[in-house]
Amino acid sequence: MASTSAAPAAASSSTPPPPPSSPLNPKIDKLVDEISGLTLLQAADLVSLLKSRLNIQDIALPAASAAPAAAPVAEDDAPVEEKPKEKTIFNVKLEAFDAASKAKIIKEIKALIPNLNLMEAKKFVESLPRVMKENLPKEEAEKLKETFVALGATVTLE
């Protein structure tokens, strides 16, 4: 018994261990563990799903400008990184359409924008050019463009 009572006394006399860097909430800690185990593609899907469910719009973050300051050694690589500034978020704009396919395009607009009734969809189509969808990822924007081009519309990605 002497050895068991000495161990707690020794532990209490030493300094307590530093607090864990993880959140105190076990639910959040579990989520962080699960998210850190995801692949890059799964993490990208998670981000997209969270943005759509929480209605979060993409904004330019100041962290992008702080990154070069954090890594001054990588100045030689900076021109290489700046070159592929390919746009990933697009606005899909309906520019024009064939008169023969007007009804199909109105129906597609009505389906695309759920809060429009048929008359509002018709006014939308007749008041071109108009942005149909904003802040879409490249893949979704291209799919939407292909759909409307197949119907006989002229669509641009901005």
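Student: Which side chains meet in a salt bridge at 3.4 Å, N to O, with E126 as one partner?

Tutor: Keep in mind that this is a predicted model. As a general idea, the pair to look for is a side-chain nitrogen of Lys or Arg within 4 Å of a carboxyl oxygen of Asp or Glu. Here K122 and E126 fit that, with N to O at 3.4 Å.

Student: Where do K122 and E126 lie?

Tutor: Both are in helix α7, four residues apart, or about one turn of the helix. K122 is partly exposed at 34% relative accessible area, and E126 is partly exposed too, at 41%.

Student: Which other residue forms a salt bridge with E126?

Tutor: That's K102, whose closest N and O atoms with E126 are 2.7 Å apart. This pair links distant parts of the chain: K102 belongs to helix α6 (residues 102-112) and E126 to helix α7 (residues 118-126), 24 residues apart. K102 comes out partly exposed, at 26%. Shared partners join K102, K122 and E126 into one network.

Student: How many salt bridges does a search of the whole structure find?

Tutor: Three. Among them is E158 with K93, the closest N and O atoms sitting 3.4 Å apart. That pair also connects distant parts of the chain, 65 residues apart: K93 is in strand β1 (residues 89-97), while E158 is in the segment after β3 (153-157).

Student: Is K93 buried or exposed?

Tutor: Buried means under 20% relative accessible area, so K93 counts as buried, with 18%. Its partner E158 is partly exposed, at 34%.

Technical notes
Residues are numbered from 1 along each chain as its sequence is written. This is a predicted model: local features need pLDDT of at least 70, side-chain atom pairs count only at pLDDT 80 or more; totals for chains, interfaces and linings use all residues. Side-chain values use heavy atoms; hydrogens and water are left out. Helices (H or I, at least four residues) and strands (E, at least two) are DSSP runs, numbered from the N terminus. Buried means under 20% relative accessible area, exposed over 50%, partly exposed in between (1.4 Å probe, protein chains only).
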